[in-house]
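Hi,

Here's the structure I said I'd pass along. Have a look at it first, and my notes on what turned up are just underneath.

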Amino acid sequence: MKFLELNKKRHAIKHFTDQAVDIKDVRTAIEIATLAPSAHNIQPWKFVVVKERKPQLAEVMYGGNKDQAQEAQYVIAIFSDTDLPKRSRKIARNGVKFLSDDA
């Protein structure tokens, strides 16, 4: 299937069925997601698959996704490196010796 055709068929899921999801499919989706570009190159991403403690997770979620988190068989939490300024300075110091800390 071509990418454009695939994108035209996608839609948001608001409610889930009781149909089982194979954990292998979840792992494949995560593997594919790691290949996506990220803003400001904030990799490495950490993915945590939650199955047992969804109600507790839903309680601390922002926005309107609480019901979805409780209904879903798995919830995938994504964590990333958000300390970009600190990392950038370290990279600059190691890779470009002639720049000052301010640069």
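**What I found**

Just 13% of the protein's 103 residues count as buried. Keep in mind that this is a predicted model. The accessible surface adds up to about 9000 Å², with carbon and sulfur atoms holding 57% of that.

On the fold: the protein has five helices and two strands, and reading from the N terminus the order is α-α-β-α-α-β-α. If you take the contacts with a separation of 6 or more, 57% of them are between residues 24 or more positions apart.

Now the pockets, which I guess is what you'll want to look at. The largest pocket holds about 190 Å³ of space. Its lining is made up of Ile13, Phe16, Met61, Asn65, Gln68, Ala69, Ala72, Tyr74, Val75 and Ile76. Two elements, α4 (66–71) and β2 (75–79), each give two or more residues to that lining. By class, eight of the lining residues are nonpolar and two are polar, with no charged ones.

The second largest pocket comes in at about 160 Å³. Around this one sit Ala29, Ile30, Ala33, Phe47, Ile76 and Ile78. Here the elements with two or more lining residues are α2 (23–33) and β2, and α2 supplies the largest share, three residues. What classes are in the lining of the second largest pocket? Six nonpolar residues, no polar and no charged.

One more thing for when you open the file: Ile76 is in the lining of the largest pocket and also in that of the second largest.

Cheers

Methods:
Residues numbered from 1 in each chain as written. Predicted model: local features only at pLDDT ≥ 70, side-chain atom pairs only at ≥ 80, totals over all residues. Heavy atoms only, no water. 1 Å grid on protein atoms, 1.4 Å probe; cavity = no way out; pocket = protein on both sides within 12 Å on 5 of 7 lines; lining within 4 Å. Points joined across faces, edges and corners; volume = space filled by probe spheres on them. Helix = DSSP H or I, 4+ residues; strand = E, 2+ residues; numbered from the N terminus. Nonpolar A, V, L, I, M, F, W, Y, C, P; charged D, E, K, R; others polar. Buried < 20%, exposed > 50% of the residue type's maximum accessible area, 1.4 Å probe, protein only. Contact = heavy atoms within 4.5 Å. Areas by Shrake-Rupley, 256 points an atom, 1.4 Å probe, with all protein chains shown as cover.
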